[in-house]
Amino acid sequence: MFLRIFLFASFFLSLYSAPKKIIASAYESKTYKRPTIVLDAGHGGLDRGAKIKYPYVEEKKLTLSLTLLAKKELEKLGYKVILTRSKDYFIPLKKRVDYANSLDAEMFISIHFNSCPNNEAHGIEIYYHNSQENKQKAKSSKNLAQSTLSQICKKSNAKSRGVKNGRFVVIKDTKMPAILIEAGFLTNPQERDNIRKQIYLEKISYGIAQGIENFIKKFV
Ligand SMILES: [Zn+2]
């Protein structure tokens, strides 16, 4: 008798919990399987980054705009995104690294814009650190850089300047796969005009999100 009551009760309990289970599994497939990503908007506060006098542009503002757009795109795909800065703050490089390393994040993406005395230079380049001490990180970072570069160039029609080895603190001292995107030259008049338009930054942000998504599908 007790067994019957028990079975009866558990049958109703299982019915009651079914919708919750369905919601949980949908949530899981959308968010839990996607890793946490740290997006790092380059410069900020007193550190303005590259500056152009006319028309006046500051790298620190554009890096934040692009970072916020990339966050939105990645969240649409179900990623959890953490920012090193969400406003116009100065944050020392070491603090950015320590913050990223303290999180359970699986990727670090630093966003910058380029400048060059030769104003004809244009296009996108992405840096990773070819670490000899951590070859696994170096390999993953290089794959992530290649995947992201190809998608950014595809979506924005910008020229690819390739994946390069760099020793920037934020990609060298972070523990997880890390890249630094130079998303175009502010010193090139044509590219600067593009970068100042929201629609162009949206294309780049879409490329960043799609590049990360392709990397995850292929290598993780
Ligand atoms: Zn920069």
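Here are some exercises with worked solutions on a predicted model of a protein chain with a zinc ion.

**Exercise 1. Overview**

Task: How many helices and strands does the protein chain have, and what share of its residues is buried?

Solution: Begin with the secondary structure, where you should find seven helices and eight strands. Next, turn to burial: the chain has 220 residues, and 48% of them are buried. Then take the contacts with a sequence separation of 6 or more; 79% of these come from residues 24 or more positions apart. Finish with the surface, which has an accessible area of about 12,400 Å². Carbon and sulfur atoms contribute 57% of that area.

**Exercise 2. The zinc site**

Task: Which protein atoms are donors of the zinc ion, and how are their residues spaced in sequence?

Solution: List the donors: NE2 of H43, OE of E59 and ND1 of H112, at 2.1 to 2.2 Å from the zinc ion. In sequence, their spacing reads H-x15-E-x52-H. H43 sits in the loop between β1 and β2, while H112 belongs to strand β5, so this pair ties together parts that are 69 residues apart in sequence. The remaining donor, E59, is one of the buried residues of helix α2.

Now check the burial of the two histidines: both H43 and H112 are buried. For H43 the relative accessible area is 17%, and since buried means under 20%, H43 counts as buried. Its backbone deserves a look too, because H43 has a positive phi of about 65° although it is not a glycine.

**Exercise 3. Two helices and their ends**

Task: What span is expected for helix α2 and for helix α4 at 1.5 Å a residue, and what does the model give?

Solution: Helix α2 covers residues 59-76, which is 18 residues. At 1.5 Å a residue, the expected span is 26 Å, and its end C-alpha atoms are 26 Å apart, which agrees. Helix α4 covers residues 135-156 and has 22 residues. From first C-alpha to last, α4 reaches 31 Å, close to the expected 32 Å.

Next, look at what follows each helix. After α2 comes G78, with a positive phi near 100°. After α4 comes N157, again with a positive phi, of about 65°, although N157 is not a glycine. N157 lies in the loop between α4 and β7, and its relative accessible area of 71% makes it exposed.

**Exercise 4. The two sides of helix α3**

Task: Which residues of helix α3 are buried, and where do they fall around the axis?

Solution: In α3 (residues 93-102), the buried residues are R96, V97, A100 and N101. Viewed down the axis of α3, they fall within an arc of 125°, so they line one face of the helix. The pattern fits a simple rule: an α-helix has 3.6 residues a turn, so residues three or four places apart point the same way. To find what this face packs against, look at β1, β5 and α5. The face turned away from the buried side carries the exposed residues K94, K95 and S102.

**Exercise 5. Strand β8 and its partners**

Task: Is strand β8 mostly covered or exposed, and in what sense does each of β5 and β6 pair with it?

Solution: Strand β8 (residues 178-185) is mostly covered, as eight of its eight residues are buried. Strand β5 (residues 107-114) runs parallel to β8, and six bridges join them. One bridge to locate is that of I111, whose partner in β8 is I181. Strand β6 (residues 124-128) pairs with β8 in the antiparallel sense over three bridges. Here, Y127 has L180 as its bridge partner.

**Exercise 6. L201 and its surroundings**

Task: Where is L201, and which residues is it in contact with beyond its neighbours within four places in sequence?

Solution: L201 is placed in helix α7 (residues 198-219). Its relative accessible area is 4%, which makes L201 buried. Setting aside neighbours within four places in sequence, the contacts of L201 are S65, L66, L69, F113 and I195. For a view across the sequence, take L201 and T67: they are 134 residues apart in sequence, yet their C-alpha atoms are 9.5 Å apart in space.

**Exercise 7. A cis peptide bond**

Task: Which two residues does a cis peptide bond join, and what is omega there?

Solution: The cis bond joins Y54 and P55, with omega about -5°. P55 lies in the loop between β2 and β3.

Terms used:
Residues are numbered from 1 along each chain as its sequence is written. This is a predicted model: local features need pLDDT of at least 70, side-chain atom pairs count only at pLDDT 80 or more; totals for chains, interfaces and linings use all residues. Side-chain values use heavy atoms; hydrogens and water are left out. Buried means under 20% relative accessible area, exposed over 50%, partly exposed in between (1.4 Å probe, protein chains only). Two strands pair if DSSP finds at least two bridges between them. The expected span of a helix is 1.5 Å times one less than its number of residues. Contact means heavy atoms within 4.5 Å. Accessible areas come from the Shrake-Rupley method with a 1.4 Å probe; for residues, only the protein chains shown count as cover. The arc is that of the directions from the helix axis to the C-beta atoms. Donors are N, O and S atoms within 2.8 Å of the metal (3.2 Å for Na, K and Ca); water is not among the atoms, so sites may look incomplete.
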